[in-house]
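Let's take a walk through this one, a piece at a time. Pull up the viewer and follow along.

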Amino acid sequence: MSANAFLFRSSTEPTPGEPKPLAPGDKLTPPTTPDVAIPADNELFIRNAFTTDPRLGCELLFRQYFAPLCSHAVRFVYDRQLAEDLVADLFYALYAKQIYANIKGSYRAYLYQAVRNRAYNSLRWELNRQEPLTNEMDQADSDSAQPDGLLQQDELYQALEQAVGQLSPQRQRVFLLSRFEGKSYKEIAEEMMLSPKTVENHLLRAVSIIRRMLQQQRLIGWGVCGLFILNA
Amino acid sequence: MQPPKELLFSYFAGQATTVQQKVISEWLAQPGSREVYFQWLDEWERSFPQYAPDVTSRFDEFKQRLDSGTDLRPQYRHSMPYEPRPLWRASQWLVAATITAILLGCAWVFSEPLLYQTIVTGPRQLRSIHLPDGSTIALNSHSTLRMPRIGYGWFSRWVRLKGDAVFDVKHLATHQPFVVETGTGLTVDVLGTEFSVRSRSTRAEVVLRRGRVNLRYKALNQPTQQIKMKPGDRVTLDERGTLALNSRADTTRFAHWRYRLFSFNNTPLREVASQMRAVFGIKVLLSHPELERRRLTGTIRAGSSDELAEALAELLDLRVSHHDENIIFSSTTQTPIAQ
């Protein structure tokens, strides 16, 4: 196929036989398997463990889900340490408050939903300095989580990723070094040959840019902002 | 209907179109879809992890925490330096701007009293003012002197006079001029000298006793007129704005009021009354026309109209009484008409 032909080809109608342009998220996916909505058959073992020894069940859940949950949480909080604390807390609450006994669906669905709630609250707290709603975030019943809520949370972490992506390369690097690598201002400053003050400014600006973008998209905190306008 | 897994994966990656998002949203409204949704989310996170946490050490920590059984929540580490909310910051700016505006407004409104010290003499009051550079100003009654509160003598020696005053200006080593502005457009520049200025609303008079002064007169729409004065000169400015120089003025009676001395040489009491009126701005009434012809010789030192009136009463054996702003002289033999 000539280059010209490629140019004139409409991108919305991929020619059969040509490799479909893949989204980055698609790259490694295996071909679609006939997955059906059978919840958590691979959790049966863990479920049995909970009936005999809840602690063992928790440990098994931790081993299986800690890494992906952290990876998910970090999309919201952009802080490895914080994400891991959040997930660890979640598992501890699962055991200490015996939430496992009330989980109706799969553990997986519960854990993801709960970690999202925690991450969402933490993010909201960080960006708005609002008290997280600790009471309801570990509710085992999934009724509280509406499908709209799921979509909103998806939108939030995607908007966050966009916002971080739009930071200037240096600022983005400082941001990620600080939050992902958990490096101190001094370490970042040395690594990037900047003054610690510049690093701090980059971080402040980064957070405020992200906050503003999220507020523009009304993903966080307009109600809170409204309150502050009234109070000011 | 259930969307394909690829669609959900690209949706998780934030690459779904609006239409695709709508499909997913409709699907999520159906029962049972959540389990699949989270199953695929889990799969997606495992396929494209953001990072790989150290599960082993975290698991050990977790086990320790389960063992200790304390609900010890590790403190969330907020690596961000505290930053005030932008809105709070905006309102901070608003507050700052408002305060600044109010201050500026106050400064504008009160700039006169803030920047200038104003000395006002009342109707029966004489005052002498000692300036930091050693110059003295004697202020007659009914006069107002304004001078800068700060910076007098830094760059200029500047005062504004409305009324009647005698200036005794010290010559400074820096030859810094002393400037008297009057409200009439007449300005007196001096280096070191003694002179008197009298300026009322439209008229003005400058009498020079020693030294030299330079007069500037700026009327509306006219070039500045300048007059150099020699000792003994007296310059008057009348209502029409004409300057007149009288070079043989009587400086022996140069602003006697300043010394609080009142000299009379066979002066009829009527004249004394009008002098008192001129100096102190008070009305002197004589209860009987006979009194007007009484004459007086001598010098009286007095700081106020009251003092002077007392002295006069004693000299002429009169009775003095006050009524409002008026001083009434009546003869002692005569019974007061109205009291």
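Four bridges tie β6(B) to strand β7 of chain B, residues 186–190, and the two run antiparallel. Keep in mind while you look that this is a predicted model. To find the register of the pair, look for Phe178(B), which sits opposite Val190(B) in β7(B). The two strands form a hairpin with three residues between them, and there Gly185(B) takes a positive phi near 95°.

Now for the other partner of β6(B). Strand β5 of chain B, residues 157–169, pairs with β6(B) in the parallel sense, over five bridges. Here the residue to look for is Val159(B), which stands opposite Val180(B) in β6(B). Which residues of β6(B) make up its covered face, and which its uncovered one? Along this strand, residues 178–182, the covered face consists of Phe178(B), Val180(B) and Thr182(B), while Val179(B) and Glu181(B) form the uncovered one. So that you can tie this back to the pairing: Phe178(B), of the covered face, is the residue opposite Val190(B), and Val180(B), also of the covered face, is the one opposite Val159(B).

Further along chain B there is an open sheet of three strands, with the order β15-β18-β17 and mixed pairing. Why do β15(B) and β17(B) each have one side without a neighbour in the sheet? Both β15 (283–286) and β17 (318–323) of chain B stand at the edges with a single partner strand each, so one side of each is left free of a neighbour there. From one strand to the next, the twist averages 25°. Between β17(B) and strand β18 of chain B, residues 326–331, there are six bridges, and these strands run antiparallel. Val320(B), for one, stands opposite Phe329(B) in β18(B). Helix α9 of chain B, residues 305–316, packs on this sheet and touches β17 and β18 of chain B; the direction of α9(B) makes about 155° with that of β17(B).

Back to the start of chain B. Is helix α1(B), residues 5–12, mostly covered or mostly uncovered? Mostly covered: seven of its eight residues are buried. Those are Lys5(B), Leu7(B), Leu8(B), Phe9(B), Ser10(B), Tyr11(B) and Phe12(B). They pack against α2 (18–28) and α3 (33–47) of chain B. Just after α1(B) comes Gly14(B), with a positive phi of about 80°.

Chain A gives us two helix pairs to look at. Packed helices are described by the angle between their axes and the distance between those axes. Helices α7 (residues 169–179) and α8 (residues 185–192) of chain A pack at about 140°, with axes 10 Å apart. That angle makes α7(A) oblique to α8(A), and their crossing is right-handed. From α7(A), the contact takes in Arg173(A), Val174(A), Leu177(A) and Ser178(A); from α8(A), Ile188(A), Glu191(A) and Met192(A). By type, the residues of this contact divide into four nonpolar, one polar and two charged.

The other pair is α3 (residues 54–77) and α4 (residues 80–96) of chain A, which pack at about 150° with axes 8 Å apart. Their crossing is right-handed too. Among the residues in contact are Phe62(A), Phe66(A) and Leu69(A) of α3(A), and Leu86(A), Val87(A) and Phe91(A) of α4(A). The contact residues here divide into 17 nonpolar, no polar and three charged.

Methods:
Residues are numbered from 1 along each chain as its sequence is written. Chains are lettered from A and ligands numbered from 1 in the order in which they are written. This is a predicted model: local features need pLDDT of at least 70, side-chain atom pairs count only at pLDDT 80 or more; totals for chains, interfaces and linings use all residues. Two strands pair if DSSP finds at least two bridges between them. Axes are lines fitted to C-alpha atoms, for helices over the stretch in contact, and angles run from 0 to 180 degrees between N-to-C directions. Two residues are in contact if their C-beta atoms, placed from the backbone, lie within 7 Å. A residue is buried if 20 or more other C-beta atoms lie within 10 Å of its own, exposed if 12 or fewer, and partly exposed in between; C-beta atoms are placed from the backbone. Angles under 35 degrees count as roughly parallel, over 145 as roughly antiparallel, 65 to 115 as roughly perpendicular and the rest as oblique. A crossing is left-handed if the near helix is turned anticlockwise from the far one by less than a right angle, and right-handed if clockwise. Ala, Val, Leu, Ile, Met, Phe, Trp, Tyr, Cys and Pro count as nonpolar, Asp, Glu, Lys and Arg as charged, and the others, Gly among them, as polar.
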